[in-house]
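Q: I am new to this structure and would like to learn how to read it. Could we go through it together, one feature at a time?

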Amino acid sequence: MYADLLNTALAAGKKSAAAILSALDKPKNLDFKGRTDLVTDSDRRSEEIIISQIIKNYPDHGLLAEESGKKTGNSDFLWVIDPLDGTTNFVHGFPAFAVSIACLKKGIPVIGVCIELPEFKIYSAQIHQGAFLDNVPIKVSRNRKLSQSLLVTGFGYEHGDLWQTNLKLFKLFTAQTRGVHRTGSAVLDLCYVARGIYDGFWELDLHPWDTAAGIILVNEAGGKVTGMDGLPFSIFKKQLLAANSALHPEMLREMKVEINKLKKIIPDL
């Protein structure tokens with residue numbers, strides 16, 4: 001059954017990705033969900049295409065989508081959709097945005113699909129079946145030294161305690177590694193960890209649709225995903241650490257002091 005779920009996600013993702021690309025060089029109709037948090041007609045159109053395909057194949061399944069919210073049912077299955085991750089990049093023509101689709105069974109991701117745009121690279125994973133890029137298996141990096149690592153992070157739109165803590169972590173890891181990037185697309189950051197391009201990724205202000213597809217890709221590529229406190233990760237947690245298994249515990253140790261400080265301010269972090 002999971003193969004059928006994966007095929008549905010792939011079909012929906014390809015259709016929505018094609019629609020996004022068709023609008024890439026056209027004027028963008030922008031709205032704002034926050035002061036700098038953009039949404040476009042392409043976000044909405046992409047989401048409509050994906051949801052239509054899922055409802056056609058699985059009318060009883062639950063849905064959680066960035067733009068239209070949550071539709072629950074009695075099914076054990078929940079589809080989690082980010083129709084255009086990296087909207088700001090898309091608007092400005094920066095080549096790092098993606099379609100992200102995952103399906104969870106009883107809270108556990110069982111399939112994930114990410115289509116990286118504008119290159120149309122297709123990442124896919126099915127639980128216990130490995131992770132793939134354009135049908136070629138991918139694996140996390142084998143780097144065992146933080147000093148030789150390349151990391152990536154992201155910053156939320158609200159400049160509060162989470163943002164301030166992440167600035168401290170950004171400085172900390174920049175001083176200890178070969179560099180820390182910020183791409184503006186959490187799902188692509190996770191895909192790049194799964195590919196072994198980045199050795200690790202962390203972020204503090206996330207939503208379920210940012211992570212659902214990416215975490216199964218990292219897990220199936222041999223990586224490790226937890227909260228930044230080392231506790232098991234759920235897509236409803238706002239903070240995440242994903243890395244290869246050698247660097248994951250070292251990154252946890254390095255961020256422990258700042259995360260413990262933050263937990264005193266936000267106990268349910």
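A: Gladly! Let us begin with an idea we will need: a salt bridge is a side-chain nitrogen of Lys or Arg within 4 Å of a carboxyl oxygen of Asp or Glu. Please keep in mind that this is a predicted model.

Q: Why can such side chains pair?

A: In general, side chains of opposite charge can pair when their charged atoms come close. Here is a case: D229 forms a salt bridge with K237, and their closest N and O atoms are 3.5 Å apart.

Q: How many salt bridges does a search of the whole structure find?

A: The search finds seven. One of them links E119 to K121, with 3.0 Å between the closest N and O atoms.

Q: Now to surroundings. Is E119 buried or exposed?

A: To decide, we use relative accessible area: buried means under 20%, exposed over 50%, and partly exposed lies in between. E119 has 52% relative accessibility, so E119 counts as exposed.

Q: And which classes do D229 and K237 fall into?

A: D229 counts as partly exposed because its relative accessibility is 24%. K237 has a relative accessible area of 17%, so K237 is buried.

Q: Where do the salt-bridge partners E258 and K261 lie?

A: Both are in helix α7, which covers residues 248-265, and they sit three residues apart, about one turn of the helix. The closest N and O atoms of E258 and K261 are 3.6 Å apart. E258 counts as buried at 14% relative accessibility, whereas K261, at 44%, is partly exposed. Elsewhere, salt bridges that share partners join D229, K237 and K263 into one network.

Q: What does H248 touch, not counting residues up to four places away in sequence?

A: Reading contacts tells us about a residue's neighbours. H248, which is in helix α7, touches K224, V225, T226, L241 and A243, with those residues up to four places away left out. H248 has a relative accessible area of 1%, so H248 is buried.

Q: How many residues does helix α2 have, and what does it reach from its first C-alpha to its last?

A: To read a helix's span, we can set it beside an expected value. Helix α2 (residues 41-57) has 17 residues and reaches 25 Å from first C-alpha to last, close to the 24 Å expected at 1.5 Å a residue.

Q: Which residues in α2 are buried?

A: The buried residues of α2 include S42, D43, S46, E47, I49, I50, I51, Q53 and I54.

Notes. Residues are numbered from 1 along each chain as its sequence is written. This is a predicted model: local features need pLDDT of at least 70, side-chain atom pairs count only at pLDDT 80 or more; totals for chains, interfaces and linings use all residues. Side-chain values use heavy atoms; hydrogens and water are left out. Buried means under 20% relative accessible area, exposed over 50%, partly exposed in between (1.4 Å probe, protein chains only). Helices (H or I, at least four residues) and strands (E, at least two) are DSSP runs, numbered from the N terminus. Contact means heavy atoms within 4.5 Å. The expected span of a helix is 1.5 Å times one less than its number of residues.
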